[in-house]
Each structure stands twice: as C-alpha cells, then as structure tokens.
Amino acid sequence: MKQTLTIDKMSCDHCVARVTAKLSQIAGVEDVAIDLEKAQAVVTTRQEHSQADYQQALDKTIYKVIDLS
Ligand SMILES: [Cu+2]
C-alpha cells in the first residue's frame with residue numbers, strides 16, 4: 001500500500017536524504033519517494049502506519065508530519 005505524508009520543514013536535498021533514511025527504517029517500508037516542492041513523501045509499505053508512527057521515526061529531527069492520507 002501507499003501512504004502519503006505531508007512533512008513540514010524540509011528545505012533541501014539534505015533534508016530529503018535524511019527523511020528518506022529515517023522513514024526507510026520503519027518496519028514494512030519498501031520505498032520512500034519525496035517531492036520537496038509539495039512537501040510530500042509517498043511511502044510504499046507492507047503494513048499501514050499511523051501519523052504518530054511516522055513522526056516517531058523523525059524524532060530528534062526538526063521535521064514534522066502534518067498530514068497523512
Ligand atoms: Cu535541508
């Protein structure tokens with residue numbers, strides 16, 4: 001399944017790389033595709049995760065998950 005996250009505070013390719021690495025560590029996540037201009041990450045995952053799950057993976061960073069669909 002795919003889940004689309006809107007993530008606040010990403011501003012450059014370094015942010016994209018960092019968020020991609022963090023989200024990729026979540027159980028079941030197979031792919032992370034980030035569109036910096038849209039501030040969105042499309043996560044391909046074998047299991048559904050909550051917005052809190054994604055935020056937890058980004059703990060100790062400045063990035064905030066502000067929407068999940
Ligand atoms: Cu950055």
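The legends below describe close-up views of a predicted model.

**View 1. The open sheet and its strand order.** Four strands, in the order β2-β3-β1-β4, make up an open sheet in which the pairing is antiparallel. The edges are taken by β2 (29-35) and β4, and because each of these has a single partner strand, one side of each remains without a neighbour in the sheet. From one strand to the next, the twist averages 30 degrees.

**View 2. The pairing of β1 with β4.** Strand β1 (residues 2-8) runs antiparallel to β4, and four bridges join the two. Within this pairing, Asp8 is found opposite Lys64 in β4.

**View 3. Helix α1 on the sheet.** Helix α1 (residues 13-24) packs on the sheet, where it touches β1, β2 and β3 (40-45), and the direction of α1 makes about 160 degrees with that of β2.

**View 4. Thr61 in the loop before β4.** The loop between α2 (51-57) and β4 (64-68) contains Thr61, a residue that counts as buried because its relative accessibility is 12%, which falls under the 20% cut-off. A polar atom of the Thr61 side chain lies 2.5 Å from the backbone oxygen of Leu58, and the side chain of Thr61 also reaches the backbone nitrogen of Tyr63, at 3.2 Å. When neighbours within four places in sequence are left aside, Thr61 is in contact with Arg18 and Lys22.

Note on methods. Residues are numbered from 1 along each chain as its sequence is written. This is a predicted model: local features need pLDDT of at least 70, side-chain atom pairs count only at pLDDT 80 or more; totals for chains, interfaces and linings use all residues. Side-chain values use heavy atoms; hydrogens and water are left out. Buried means under 20% relative accessible area, exposed over 50%, partly exposed in between (1.4 Å probe, protein chains only). A polar contact is a pair of N or O atoms within 3.5 Å; within protein, one must be able to donate a hydrogen and the other to accept it, and residues adjacent in sequence count only if both atoms are side-chain atoms. Contact means heavy atoms within 4.5 Å. Two strands pair if DSSP finds at least two bridges between them. Axes are lines fitted to C-alpha atoms, for helices over the stretch in contact, and angles run from 0 to 180 degrees between N-to-C directions.
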